[in-house]
Amino acid sequence: MTTPDGTIRSAEDWRSALEIRDTRAANPLMDVFATLWRHSSDDHPLTPDDIIDLLEADNRQNSFYKAPSKETVVNQLQYLEYTRILGREVRRADDGETSADEESDDSRWYMAPVLSPSEVRLLEDSLMLSRIDPEELQGVISGLYQLAGGSAPSTDLPDISIDGYEHINGEFLATIEKITEAMNNQLAVDFFYCDYDEQGRLVKRLDRRTGKPRRYVFDPYNMVYKKGGYYLLGHFHNCPVPQNTDQNENHTNLFCFAVNRIRDLRITSTRIAVPADTWDENGLPRKLTGAPRFDAVAFARQRPHMTMGTLVDVVMSIGPSVLTNVYEWFDNPKVERVDGPFDPDDDHEGVQAFHYRVSVRSPKLGIIWWALQYALADVRVESPQSVRDELLRAGLQLARRYGDE
């Protein structure tokens, strides 16, 4: 028995107290909600009887648990149909057997997922390419499955065994969280930046003057993915805004850092010195150029490789086999079909009697890298001449490097 002040005197009193506690703590609404989250989907709706069976199965280790009645489950389902908890929508499955105005205790119900199975698969596969600690990666994927609820593609997390993971930066997700907080509060960050050594380990980049690890102070603007890499775009905090548009052709006033190579990032108490809208689409002072304002996503999409530099107009001739590569690498190419083979001197039988003239915008270094990447295909840069000169220089260097001694 228990004393007036509630003191437990025996094992029977303890059991009774637990039963009372569990009865008082029972919440049919949350029980039904949680069951729909874990077990239902649009192609696997649940009847009230199904929900009761699942609740009993999920709580079989709790000998004091008592599942709600069918009437209670139906009432909670009808309540959830018009009330969103945590933004989740509960729907009645329309099987054509029950009219919209007809109530049925055997209607089937499901919780609409935050993410569809295809969206979860897309995000999961993209994450698999990121250099994230395997345990953290599995935690992220598990979270995606939770958002998808019963419609998740699988409850079995992938076995990640990639040799390169021994060289990853374990601070990756924490770094992203801090950068996001800094951007939301318009604060500068400082950090060390790393390069790989001969053992594949990340080592801090040194200051050339002092020989000690260099700490960068940076105004963060945004983070973007580009060809499997995740980059932080921004401006060096201590660099003033230039009063002209003169610059190194391979660099703008903006810089990018691979997030997985950032170490020991700290959020400073200093407001960013130069807001992102100071710059135009090239990273030049917008008040001097009048060009569209900087947008991190557009900035990344307009670059075949993540190189800094002002966009230049490029004209190329390409063979038909290269057309797909052009559309995969450039955001908005202008393509014109031209009669005649790619190589005017090529009159062999079977040669396609047409090619394409393509106009794109790209930083100079980016288009050079791209053209070298497809040097063995039918690609010929027609302009600007400065790009042609650099490709010629690269070709001569390759000829010296790989030619006969």
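Okay, so axes here are lines fitted to C-alpha atoms, for helices over the stretch in contact, and the angles run from 0 to 180 degrees between N-to-C directions. Helices (H or I, at least four residues) and strands (E, at least two) are DSSP runs, numbered from the N terminus.

Quick housekeeping. This is a predicted model, where local features need pLDDT of at least 70, side-chain atom pairs count only at pLDDT 80 or more, and totals for chains, interfaces and linings use all residues. Residues are numbered from 1 along each chain as its sequence is written, and side-chain values use heavy atoms, with hydrogens and water left out.

Let's start with α3 (residues 48-58) and α4 (residues 70-82). Their axes come within 9 Å and cross at roughly 110°. That makes α3 roughly perpendicular to α4 (65 to 115 degrees). Which residues meet there? From α3 we have P48, D49, I51 and I52, and from α4, K70, V73, V74 and L77, with contact meaning heavy atoms within 4.5 Å.

Now over to α7, residues 172-184. Its 13 residues, at 1.5 Å each, should span 18 Å, and the end C-alpha atoms are 19 Å apart, which agrees. The expected span is 1.5 Å times one less than the number of residues.

Which residues of α7 are buried (under 20% relative accessible area, 1.4 Å probe, protein chains only)? They're F172, T175, I176, I179, A182 and M183. Seen down the axis, they fall within an arc of 130°, so they line one face of the helix; the arc is that of the directions from the helix axis to the C-beta atoms. The face turned away from that buried side carries E177 and N184, which are exposed (over 50%). What covers the buried residues includes β3 (187-196), β5 (215-226), β6 (229-236) and β8 (262-271). And just after α7, Q186 takes a positive phi of about 55°.

Conventions: Parallel < 35°, antiparallel > 145°, perpendicular 65-115°, else oblique.
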